[in-house]
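Colleague: I should be grateful for a close look at a single part of this predicted model, explained for a first-year student. Please take one pair of helices as the starting point and then follow the chain on from there.

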Amino acid sequence: MAGGALCYFAVRGITQGAITLAQANARALMGVERALRLDWEAAAQGRVVGNDALVTLTNWVYIYGHWPVIIVALLTLYLHAPNRYYTLRNALFISGAIGLLIFALVPVAPPRLAVLDLVDTVTERSSSYRALQPPGLLNKYAALPSLHFGWNLIVGVVLWQASRHPALRIFAVAMPCAMAFAVVATANHYVVDVLLGGLVALAGLGLALLVPRVRPTPPWARPRP
């Protein structure tokens with residue numbers, strides 16, 4: 001975890017002053033979206049921005065549907081399905097490493113900081129997220145890929161595999177879908193970010209399945225010499 005944090009801040013330092021490049025990359029990405037007819041950002045935000053209740057709900061999905069869900073899922077799997085826990089943990093680290101590489105090589109300004117006339121609903125309509133994660137600690141130009149969605153997706157996949165309980169399986173499907181909409185509607189990610197985030201996260205999950213499931217033996221269970 002410490003090594004991952006150091007890598008994150010190293011990438012943040014590299015891209016901190018790259019606003020011109022990040023906005024140019026954002027415009028290029030929007031050009032790709034228009035060509036593919038995937039430029040749905042304004043339409044997604046238009047669905048919620050005129051309704052305070054929907055804005056609040058969307059913000060809550062974005063804020064509380066990410067790290068809290070990941071942490072609870074990891075703890076639950078660690079206690080009840082250790083092999084699934086190790087798979088998810090490794091998948092998060094592997095896909096995170098891939099994401100950091102892309103962040104460093106291709107900084108992209110999110111819609112809220114680019115040329116689209118969209119509202120940063122998380123900042124302007126909520127105080128929780130920016131308080132929990134101060135802007136000074138965040139990489140502003142890490143829009144591509146959206147690990148906010150990608151990590152929720154693989155959490156859903158692993159939870160689906162780990163349980164047959166109908167409620168948990170409904171949650172495993174609904175949460176990534178809700179996050180896919182929330183990251184776009186809050187102007188934090190483009191549609192292409194979501195698609196690439198899913199691919200990166202699934203690639204991390206696929207590679208994690210190849211990692212041997214070696215579980216450390218606790219000291220009290222080790223044979224005495």
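Which residues in α9 meet which residues in α10?

Modeller: On the α9 side, the residues concerned are H148, F149, N152, L153, G156, L159 and W160. Their partners in α10 are L168, R169, F171, A172, V173, M175, P176, M179, A180 and V183. By character, the residues of this contact divide into 13 nonpolar, three polar and one charged.

The geometry of the pair may be described next. The axes of α9 and α10 come within 8 Å and cross at roughly 170°. An angle over 145 degrees counts as roughly antiparallel, and therefore α9 is described as roughly antiparallel to α10.

Let us now consider the loop that comes before α9. α9 covers residues 147-162, and the loop between α8 (128-132) and α9 contains P145. The peptide bond joining L144 and P145 is cis, with omega about 0°. As background, most peptide bonds are trans.

The loop on the other side of α10 also deserves attention. α10 spans 166-185 and α11 spans 191-208, and A187 lies in the loop between them. Although A187 is not a glycine, its phi is positive, at about 70°. In general, most residues other than glycine have a negative phi. A187 has a relative accessible area of 0%, so it is classed as buried.

N188 is found in this loop between α10 and α11 as well. Its relative accessibility is 5%. Buried means under 20%, and N188 therefore counts as buried. The side chain of N188 takes part in polar contacts with two other side chains: that of T186, at 3.0 Å, and that of Y62, at 3.4 Å.

For a comparison of surroundings, one may turn to R37, in the loop between α2 (19-36) and α3 (41-46). R37 is likewise a residue other than glycine with a positive phi, in this case near 60°. Its relative accessibility is 69%. The cut-off for exposed is over 50%, so R37 counts as exposed. Thus a positive phi is found both in A187, which is buried, and in R37, which is exposed.

To draw the part together: α9 and α10 are roughly antiparallel, the loop before α9 holds P145, and the loop between α10 and α11 holds A187 and N188.

Methods: Residues are numbered from 1 along each chain as its sequence is written. This is a predicted model: local features need pLDDT of at least 70, side-chain atom pairs count only at pLDDT 80 or more; totals for chains, interfaces and linings use all residues. Side-chain values use heavy atoms; hydrogens and water are left out. Helices (H or I, at least four residues) and strands (E, at least two) are DSSP runs, numbered from the N terminus. Buried means under 20% relative accessible area, exposed over 50%, partly exposed in between (1.4 Å probe, protein chains only). Axes are lines fitted to C-alpha atoms, for helices over the stretch in contact, and angles run from 0 to 180 degrees between N-to-C directions. Angles under 35 degrees count as roughly parallel, over 145 as roughly antiparallel, 65 to 115 as roughly perpendicular and the rest as oblique. Contact means heavy atoms within 4.5 Å. Ala, Val, Leu, Ile, Met, Phe, Trp, Tyr, Cys and Pro count as nonpolar, Asp, Glu, Lys and Arg as charged, and the others, Gly among them, as polar. A polar contact is a pair of N or O atoms within 3.5 Å; within protein, one must be able to donate a hydrogen and the other to accept it, and residues adjacent in sequence count only if both atoms are side-chain atoms.
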